[in-house]
Amino acid sequence: QVQLVDTGGGSVQAGGSLRLSCASSGYTSRNYCMGWFRQAPGKEREGVAFNSIPDGGTYYPDSVNDRFTISRDNTKNTVYLQMNSLKPEDAAMYYCAARGPLVGNACRRRSEADFSAWGQGTQVAVSS
């Protein structure tokens, strides 16, 4: 069973940067999709970055494209979310999540319901 621990949240001013980390364990294969989601009060949880472990493919919604970057360090079993040019609307609880193991492209489905393992969340606040 995959276990995830996400850290790195904090409070920054608009235009600032943060890097979130997601330490993982319990993989039974290497065919997973790792994702970062966020949820602001009163809003639905939305995916902001995805990384396919076997082939390195990345996926971003338009709302964060060119500002957020997902990456991973296989030696540390850790996935990162680098967030630059933060905006007040980026403030939310951020969660890392894992989908898999699967055959084929594990990131072909990227909605909240498709992910079975979740971190506990880390809070990001952005002041204007």
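Student: Why is Ser85 called partly exposed in this predicted model?

Tutor: The relative accessibility of Ser85 is 40%. Buried would require under 20% and exposed over 50%, so a residue at 40%, such as Ser85, counts as partly exposed. Ser85 sits in the loop between strand 8 and strand 9.

Student: What makes the backbone of Ser85 notable?

Tutor: Ser85 has a positive phi, near 50 degrees, and it is a residue other than glycine. In general, most residues other than glycine have a negative phi.

Student: Which class of exposure does Asn77 belong to, and why?

Tutor: Asn77 has a relative accessible area of 38%. That value is neither under 20% nor over 50%, so Asn77 is partly exposed. Asn77 is placed in the loop between strand 7 (68-73) and strand 8 (78-83). Phi of Asn77 is positive, about 50 degrees, although the residue is not a glycine.

Student: How do you know that Cys22 and Cys96 form a disulfide?

Tutor: The S to S distance of Cys22 and Cys96 is 2.2 Å. The criterion is a pair of cysteine sulfur atoms within 2.5 Å, so this pair qualifies. Cys22 lies in strand 3 (residues 18-25) and Cys96 in strand 9 (residues 92-99), so that the link joins distant parts of the chain, 74 residues apart. Both cysteines, Cys22 and Cys96, are buried. The angle about the S-S bond is 60 degrees, and the link of Cys22 and Cys96 is right-handed.

Student: What makes Cys33 and Cys107 a disulfide as well?

Tutor: The sulfur atoms of Cys33 and Cys107 are 2.0 Å apart, and the limit is 2.5 Å; the pair therefore meets the definition. Cys33 belongs to strand 4 (residues 33-39), whereas Cys107 is in the loop between strand 9 and strand 10 (117-118), and the two are 74 residues apart.

Student: Why is the disulfide of Cys33 and Cys107 called right-handed?

Tutor: The torsion about its S-S bond is about 95 degrees, so the disulfide of Cys33 and Cys107 is right-handed.

Student: Why are Cys33 and Cys107 counted as buried?

Tutor: Cys33 has 0% relative accessibility, and Cys107 likewise has 0%. Buried means under 20%, so Cys33 qualifies, and so does Cys107.

Student: How many disulfides does the rule give, and what is their pairing?

Tutor: The count is two disulfides. With the bonded cysteines of the protein chain numbered in sequence order, the pairing is 1-3, 2-4.

Student: What is the configuration of the peptide bond from Gly100 to Pro101?

Tutor: The bond is cis, with omega near 0 degrees. In general, most peptide bonds are trans. Pro101 lies in the loop between strand 9 and strand 10.

Notes:
Residues are numbered from 1 along each chain as its sequence is written. This is a predicted model: local features need pLDDT of at least 70, side-chain atom pairs count only at pLDDT 80 or more; totals for chains, interfaces and linings use all residues. Side-chain values use heavy atoms; hydrogens and water are left out. Helices (H or I, at least four residues) and strands (E, at least two) are DSSP runs, numbered from the N terminus. Buried means under 20% relative accessible area, exposed over 50%, partly exposed in between (1.4 Å probe, protein chains only).
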